[in-house]
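Open the model in your viewer with the ligands shown as sticks. The tour goes from one ligand to the other, with a selection to make at each stop.

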Amino acid sequence: MSPSPIKHLAIIMDGNGRWAKERGEKRTKGHEAGAESIRDITTYCAAHESIETATFYAFSTENWKRPKLEVEFLMKLLDRYLKKELETYQKHNIRFQAIGDVSAFSKALQKRIRKTEEETQGNTNLTQILALNYGGRAEITSAVNSLIQAGKSEVSEEDISRALQTPYTDIDILIRTSGEERLSNFLLWQLSYAEFYFTKTLWPDFTAKELDTILNTFTQRNRRFGGL
Ligand code: IPE
Ligand code: IPE
Ligand code: MG
């Protein structure tokens with residue numbers, strides 16, 4: 001069975017800190033370099049003929065455990081990124097959406113996120129989703145709670161899928177950079193039948209060329225979805 005075209009790609013962007021360490025730089029330099037990769041990969045996805053959605057793991061519910069200074073830097077970097085990239089979103093007709101509990105962020109950052117979502121909501125080439133203060137378990141738990149609050153005493157898979165924050169589509173392929181082979185609480189529900197691809201490349205070194213090669217190997221895979 002030849003695979004259907006890739007519509008939804010998800011990426012766990014990992015290895016920024018190690019990239020910086022290899023160069024004798026501070027971890028923050030790695031995050032800055034990683035932000036450049038997000039732009040390149042996003043514009044590649046926008047130009048790709050079948051990809052409709054690209055979801056990037058940018059900050060997990062567990063990343064608050066990092067040193068305060070690193071967390072603060074990541075928040076500032078996100079604000080700077082969204083401000084600067086608005087031009088890229090408009091130029092390449094990309095819609096931006098956030099998933100995760102952004103209410104934990106500063107008011108100014110929340111405003112930036114909402115503003116970017118609003119200003120790009122009519123764009124149709126690609127939806128770029130950034131997972132921000134996101135956890136797969138938290139997302140499923142809050143979906144179930146919202147169904148209980150709506151008066152449901154029993155829920156179906158369809159109900160949960162629709163109550164999730166991630167605009168619901170199954171993910172075709174998940175890529176994780178930096179050689180780690182784990183999910184780290186990313187999109188647990190949506191990844192049920194995704195193909196997984198792990199590369200040793202550190203996120204700041206990940207290029208559109210490597211993504212292109214990965215997507216080509218994906219088309220050789222036989223996705224059976226439980227059938228024959
Ligand atoms: C990924 O890179 C970026 C975030 C999680 C924010 P890391 O910061 O996890 O880099 P390593 O894993 O320490 O190299
Ligand atoms: C996962 O990377 C989270 C993001 C990429 C935002 P981590 O570096 O935080 O994951 P662990 O700690 O190695 O599992
Ligand atoms: Mg990491």
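A polar contact here is a pair of N or O atoms within 3.5 Å. Keep that cut-off in mind at each stop of this predicted model.

**Stop 1: ligand 1 and its shell**

Select ligand 1, then Met-13, Asp-14, Gly-15, Asn-16, Gly-17, Arg-18, Arg-27, His-31, Ala-58, Asn-63, Arg-66 and Leu-74, the residues around ligand 1. Colour this shell by class: three residues are nonpolar, five polar and four charged.

**Stop 2: polar contacts of ligand 1**

Which side chains place an N or O atom 2.9 Å from an oxygen atom of ligand 1? Asp-14 has such a side-chain atom, and Arg-27 has one as well. At Asn-16, show the backbone: an N or O atom there lies 3.2 Å from an oxygen atom of ligand 1. Now switch on the surface. Ligand 1 alone exposes 380 Å², and the protein buries 86% of that area.

**Stop 3: the pocket and the helices**

The space that ligand 1 takes up is the largest pocket. Select α1 (16-22) and α2 (27-47), the elements that give two or more residues to the shell around ligand 1. The largest share, three residues, comes from α1.

**Stop 4: ligand 2 and its shell**

Move to ligand 2, which sits in the largest pocket. Select the residues around ligand 2: Ile-12, Met-13, Asp-14, Tyr-57, Ala-58, Phe-59, Ser-60, Asn-63, Arg-66, Arg-176, Arg-182 and Ser-184. By class, this shell has five nonpolar, three polar and four charged residues. Which element gives the largest share of the shell around ligand 2? Select strand β2 (residues 53-60), which supplies four residues.

**Stop 5: polar contacts of ligand 2**

Start with Asn-63, where a side-chain N or O atom is 2.9 Å from an oxygen atom of ligand 2. Go on to Asp-14, which has a polar side-chain atom 3.2 Å from an oxygen atom of ligand 2. At Arg-66, an N or O atom of the side chain is 3.3 Å from an oxygen atom of ligand 2. On its own ligand 2 has 390 Å² of accessible area, and the protein covers 77% of it.

**Stop 6: back to Asp-14**

Finish with Asp-14 and both ligands on screen. The Asp-14 side chain has an N or O atom 2.9 Å from an oxygen atom of ligand 1, and a polar side-chain atom 3.2 Å from an oxygen atom of ligand 2.

Note on methods:
Residues are numbered from 1 along each chain as its sequence is written. Chains are lettered from A and ligands numbered from 1 in the order in which they are written. This is a predicted model: local features need pLDDT of at least 70, side-chain atom pairs count only at pLDDT 80 or more; totals for chains, interfaces and linings use all residues. Side-chain values use heavy atoms; hydrogens and water are left out. A residue is near a molecule or strand if one of its heavy atoms lies within 4 Å of it. A polar contact is a pair of N or O atoms within 3.5 Å; within protein, one must be able to donate a hydrogen and the other to accept it, and residues adjacent in sequence count only if both atoms are side-chain atoms. Accessible areas come from the Shrake-Rupley method with a 1.4 Å probe; for residues, only the protein chains shown count as cover. On a 1 Å grid over the protein atoms alone, a cavity is a set of points where a 1.4 Å probe fits but cannot get out, and a pocket is an open set with protein on both sides within 12 Å along at least five of seven lines; lining residues have an atom within 4 Å of a point. A molecule sits in a cavity or pocket if more than half of its atoms lie within 2 Å of its grid points. Ala, Val, Leu, Ile, Met, Phe, Trp, Tyr, Cys and Pro count as nonpolar, Asp, Glu, Lys and Arg as charged, and the others, Gly among them, as polar.
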